[in-house]
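Student: Could you take me through one part of this structure in close detail? I would like to look at the place where two domains meet.

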Amino acid sequence: MDSQAISLVRSSFKAIAAVPDGPQTLSGSFYALLFARYPETRDFFPAAMDVQRDRLISAVQYVIDRLEQSGQILTYLAQLGRDHRKYGVQDAHYVAVGNSLIAAVEQFPSTEPWTDELEQAWRDVLSVIAATMMDAANAESGPPAWGATVIEHLPVRKDISVVRLRLDEPMSYNPGQYVSVQVPSRPRMWRYLSPANPPNDEGIIEFHIRRVSGGWVSPAIVTQTQVGERWVVGSPLGDLGVRFENGRDALMIGSGTGIAPLRAQILDMARRPQNLRVHLFFAGRYPCDLYDLGTLWALAEQNPWLTVVPVTEEDEDPWWYTGPSSAALPGMHRRLTGKVGQVVADFGTWSERDIQLVGSEAMINTTKFRLQAAGTPPENIRHDPSY
Ligand SMILES: Cc1cc2nc3c(=O)[nH]c(=O)nc-3n(C[C@H](O)[C@H](O)[C@H](O)COP(=O)(O)OP(=O)(O)OC[C@H]3O[C@@H](n4cnc5c(N)ncnc54)[C@H](O)[C@@H]3O)c2cc1C
């Protein structure tokens, strides 16, 4: 992409972000324009648009931040294009979205004057984005989405469920990738979930879901999922995964259900005869947040290349937790106390390791900050969009 166009688009978006509620205003007028000019696109979206508006801004921000990293961003856009086939999106819809976004930016009461040059820059950047997504979508011959039947629902805590499904046909994904999921009680409200197991010929896929208070979808999954119900699962996204090709050992840091994509990688590695070393920090606020520690510890006992270290911010479970005590398992590494970023950085720079972070935005940002402050090269650290 042209660097002049990138810098114009970036400063235009930065000016919008600097206005209080600017991104939300932009997103609101984008959808208003899109639905007014291209009413057929309304059917792609849920009735309640609040979360959708935030998602648009996060996606635009994510892409704009990475425009120079052409390899990484083109891969991401191609994955997004393949995933968008689940909506039945056609090439004309990309044009509709591009035109509406440009019109929304033009109408935005920004300090940046709207010039022909700025309009052309937005058009150039958006046309590369749309072309990459369309080309990938049109080149894909696999299904646009997978139907799946719930075969097991295990409530592991009041607010965390493990749901296992059988896909109608097996999906090929890299352990560490994530997928979008639609459940029957929340039509068109797609949410990202990370498979906690590697792909397999039986098409069994396992998700770990934490209920977010006030959320639309996660409370419905945790409280209402029934064996036999039908979900829809989109194409795989993301580029987490162990990089066997560079031969560097791995450092994995996951908090809460962020352990899922790391667990999928570890289970996959356990099938290999030889492995790189993996140091996994499993973090939570309370000891009871480490809901999957038993499985991880069993894997560490059988696989000498794996070290599992539990980390929690508090030493005791909260008063409202009434489940089994989360005492240390025999032989396991002792649980460390503190914010995971600080705990990991206290060990050193980990500069010889490939690092993957999975968890909330706050966890990812503070952990990156702590590691970099300790001297870890930023290019060693990878993460997907945060939870
Ligand atoms: C790449 C990726 C992979 C993911 N994988 C998993 C997974 O394996 N398991 C899993 O449980 N979740 C996962 N998530 C999060 C999941 O996609 C949903 O965002 C989450 O379940 C909330 O959805 P909801 O519909 O209940 O809440 P929404 O209706 O989307 O949100 C309601 C409100 O809650 C806030 N909110 C949303 N998420 C959180 C949060 N995590 N903590 C606090 N407040 C929040 C929103 O800002 C909003 O104000 C993943 C997210 C991403 C980006």
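**Where domain 2 meets domain 3**

Tutor: Start with one pair: Arg 263 and Glu 206 form a salt bridge, and their closest N and O atoms lie 3.4 Å apart. Keep in mind that this is a predicted model. Side chains of opposite charge can pair when their charged atoms come close.

Now step back to the domains. The chain is divided into domain 1 (3-139), domain 2 (146-233) and domain 3 (244-383). Our interface is the one between domain 2 and domain 3. Across it, the rule finds two salt bridges. Six residue pairs are in polar contact across this interface.

Which strands supply at least two residues each to the side of domain 2 that touches domain 3? They are β1 (146-157) and β5 (204-210). Of the elements on that side, β5 gives the most, with four residues. By type, this side of domain 2 has eight nonpolar, four polar and three charged residues.

Next, the extent of the meeting. In domain 2, 15 residues are in contact with 15 residues of domain 3. The size of an interface is often given as the accessible area lost when the parts come together. Here domain 2 and domain 3 bury about 1300 Å² between them. Carbon and sulfur atoms account for 62% of that area. On the domain 2 side, Arg 157, Pro 198 and His 208 supply 41% of the area buried against domain 3, more than any other three residues. The centres of the two domains, taken over C-alpha atoms, are 23 Å apart.

Look now at helix α8, residues 260-269. Is α8 largely enclosed or open? Eight of its ten residues are buried, so the rest of the structure largely encloses the helix. Arg 263 is one of these buried residues, and so are Leu 262 and Ile 266. The cover over the buried residues of α8 includes β5, β7 (250-255) and β8 (278-284). It also includes α9 (293-302), β9 (306-312) and β11 (354-358).

Go back to the charges. Arg 263 and Glu 206 belong to a network of salt bridges that also links Glu 152, Arg 164 and Asp 292. Within that network, the side chains of Arg 164 and Glu 152 meet at 2.7 Å, N to O. Arg 164 sits in strand β2 and Glu 152 in strand β1, twelve residues apart. Arg 164 is partly exposed, because its relative accessible area is 22%. Glu 152 also counts as partly exposed, at 30%.

Arg 157 has a salt bridge too. Its side chain meets that of Asp 159 at 2.9 Å, N to O. At 10% relative accessibility, Arg 157 counts as buried. Asp 159 is buried as well, with 14%.

Finish with Ser 161, in strand β2 (residues 160-167). Is Ser 161 buried or exposed? Its relative accessibility is 0%, so Ser 161 counts as buried. A polar contact of 2.7 Å joins its side chain to that of His 153. Leaving out residues up to four places away in sequence, Ser 161 touches residues including Phe 207, His 208 and Ile 209. His 208 is familiar: it is one of the three residues that supply 41% of the area domain 2 buries against domain 3.

Terms used. Residues are numbered from 1 along each chain as its sequence is written. This is a predicted model: local features need pLDDT of at least 70, side-chain atom pairs count only at pLDDT 80 or more; totals for chains, interfaces and linings use all residues. Side-chain values use heavy atoms; hydrogens and water are left out. Domain bounds come from an automatic or database domain assignment. Contact means heavy atoms within 4.5 Å. Buried area is the accessible area (1.4 Å probe) that two parts lose on being put together, summed over both. A salt bridge is a side-chain nitrogen of Lys or Arg within 4 Å of a carboxyl oxygen of Asp or Glu. A polar contact is a pair of N or O atoms within 3.5 Å; within protein, one must be able to donate a hydrogen and the other to accept it, and residues adjacent in sequence count only if both atoms are side-chain atoms. Ala, Val, Leu, Ile, Met, Phe, Trp, Tyr, Cys and Pro count as nonpolar, Asp, Glu, Lys and Arg as charged, and the others, Gly among them, as polar. Buried means under 20% relative accessible area, exposed over 50%, partly exposed in between (1.4 Å probe, protein chains only).
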